[in-house]
Amino acid sequence: MFTRSAVRALTSQSRLFSTTVARQTKVAVLGAGGGIGQPLSLLLKSDPLVTSLSLYDIRGAPGVAADVSHVDSASEVTGYAADKLDEALEGVQVVVIPAGVPRKPGMTRDDLFNTNASIVRDLASAIGRVSPTAHILVISNPVNSTVPIVASTLAKAGVYNPSRVFGVTTLDVVRAARFTAGIAGVHPNDASITVVGGHSGATIVPLLSQSKYGQGIKGEVYDKLVHRIQFGGDEVVKAKDGAGSATLSMAYAGAKFTHALLRGLNGEKGVITPTFVQSPLYKDQGIDFFSSNVELGVNGVEKIYPLGPLSAEEEKLMEACLPELKKNIEKGKAFVESS
Ligand code: NAD
Ligand code: LMR
């Protein structure tokens with residue numbers, strides 16, 4: 001007999017991973033020894049669409065791999081030490097990157113730029129050399145800049161395909177559903193919210209007006225909800241009190257996005273989720289990358305959806321989002337140009 005909470009846990013597991021198994025898929029995690037990397041590796045080991053898992057970090061990946069490899073799912077797991085990056089990338093179709101330093105209280109994501117920009121550039125450069133056709137899922141912050149860094153690094157190497165580079169903004173989508181459901185008194189599965197823009201503070205724009213349960217939230221409750229979605233990361237950074245930022249919810253979100261991409265790569269139609277990609281939506285304002293609903297398919301990005309109708313409040317949020325996002329993107333591109 002299952003208890004009610006066990007049934008709920010199983011239900012959410014089946015929501016995280018659908019059960020259809022198709023082609024062979026080798027996935028690499030770069031930064032697998034870290035706070036996100038470890039639980040993300042565990043969740044990917046449980047994903048039936050992952051057939052082989054390649055775990056790399058400058059510290060501790062072989063130990064994580066030995067541990068995770070005992071989980072009784074069919075996939076094979078191999079760990080790679082610091083000097084084995086090229087081996088780790090051999091033959092991979094999907095590379096997830098949570099490598100880099102996290103925030104401490106009082107820091108913005110942009111404060112991580114100086115350390116994480118070169119980590120992400122060097123990993124992208126290795127991917128471009130060893131597995132140039134891999135799909136790259138960037139978790140490392142600041143995402144608004146690290147995604148342009150990956151794109152520009154691959155472009156410099158002559159192997160950039162915009163359909164294959166994604167900034168993972170799924171944690172914002174997960175938070176928006178959870179927080180909105182809490183206010184509306186419904187299950188988060190029923191309160192899915194499209195979150196657009198980028199992944200930091202004012203660049204995170206939840207489109208509550210397009211949601212059945214979000215559209216009725218008004219006034220002070222609306223303002224507080226938007227603030228909580230935009231600054232949910234700070235809530236965790238503060239609570240962890242110097243020990244880092246979101247790791248467990250991020251691992252969940254990273255595994256969820258990876259699974260969605262694998263479903264698309266396997267030929268499933270109608271897999272649509274927000275993600276930060278090279279986008280035409282605001283190109284006329286000099287903004288090359290933007291998160292909106294994207295259909296994932298056999299080539300990665302199949303279709304980028306426009307935002308749809310916005311409320312007056314959302315128009316204002318977009319006004320605050322765009323200039324900051326533009327600055328973050330330009331900073332990433334300039335870093336690679338001057339490298
Ligand atoms: P962490 O410090 O716990 O782990 C980072 C790991 O990266 C460490 O194991 C470290 O050894 C490894 N690493 C460093 N340089 C590397 C390199 N060159 N190659 C391979 N591995 C390397 O940090 P964390 O909490 O796991 O966070 C990782 C990153 O993810 C941070 O930048 C954080 O801000 C970001 N993050 C993003 C989101 C998001 O929504 N996109 C959410 C949470 C955290
Ligand atoms: C988050 O949204 O939790 C992450 O981007 C980590 C952070 O620095 O807040």
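Which residues does Arg 103 touch, not counting residues up to four places away in sequence? I began my notebook with that one, working on a predicted model.

**Entry 1: Arg 103.** I found that Arg 103 touches Arg 109, Leu 112, Val 237 and Ser 245, once residues up to four places away in sequence are left out. I then looked up where Arg 103 sits, and the answer is the loop between β4 (94-97) and α5 (113-130). I count Arg 103 as buried because 21 other C-beta atoms lie within 10 Å, and the cut-off is 20 or more.

**Entry 2: Arg 109.** My next stop, Arg 109, is also placed in the loop between β4 and α5. Arg 109 counts as buried too, because it has 26 C-beta neighbours inside 10 Å. With the same sequence exclusion, I listed its contacts as Arg 103, Asn 141, Pro 142 and Ser 200.

**Entry 3: the record.** I checked the UniProt annotations, which come from an unreviewed entry, and "binding site" covers Arg 103, Arg 109, Asn 141 and Arg 175. Happily, Arg 109 touches two others from that list, Arg 103 and Asn 141. The same kind of record gives "domain: Lactate/malate dehydrogenase C-terminal" for residues 169-336. I looked over that stretch and noted 47% helix and 17% strand, with the end C-alpha atoms 22 Å apart.

**Entry 4: the whole chain.** I noted 11 helices and 11 strands. The radius of gyration is 19 Å, which agrees with a compact globule, because 339 residues would then give a value near 20 Å. The C-alpha atoms fill a box of roughly 60 × 55 × 40 Å along the principal axes. Buried residues make up 50% of the chain. Among contacts with a separation of 6 or more, 70% join residues 24 or more positions apart.

Methods: Residues numbered from 1 in each chain as written. Chains lettered and ligands numbered in written order. Predicted model: local features only at pLDDT ≥ 70, side-chain atom pairs only at ≥ 80, totals over all residues. UniProt positions renumbered as here; feature names shortened; annotations may be inferred. Helix = DSSP H or I, 4+ residues; strand = E, 2+ residues; numbered from the N terminus. Buried ≥ 20, exposed ≤ 12 C-beta atoms within 10 Å, placed from the backbone. Contact = placed C-beta atoms within 7 Å. Rg over C-alpha atoms; globule rule 2.2 N^0.38 Å.
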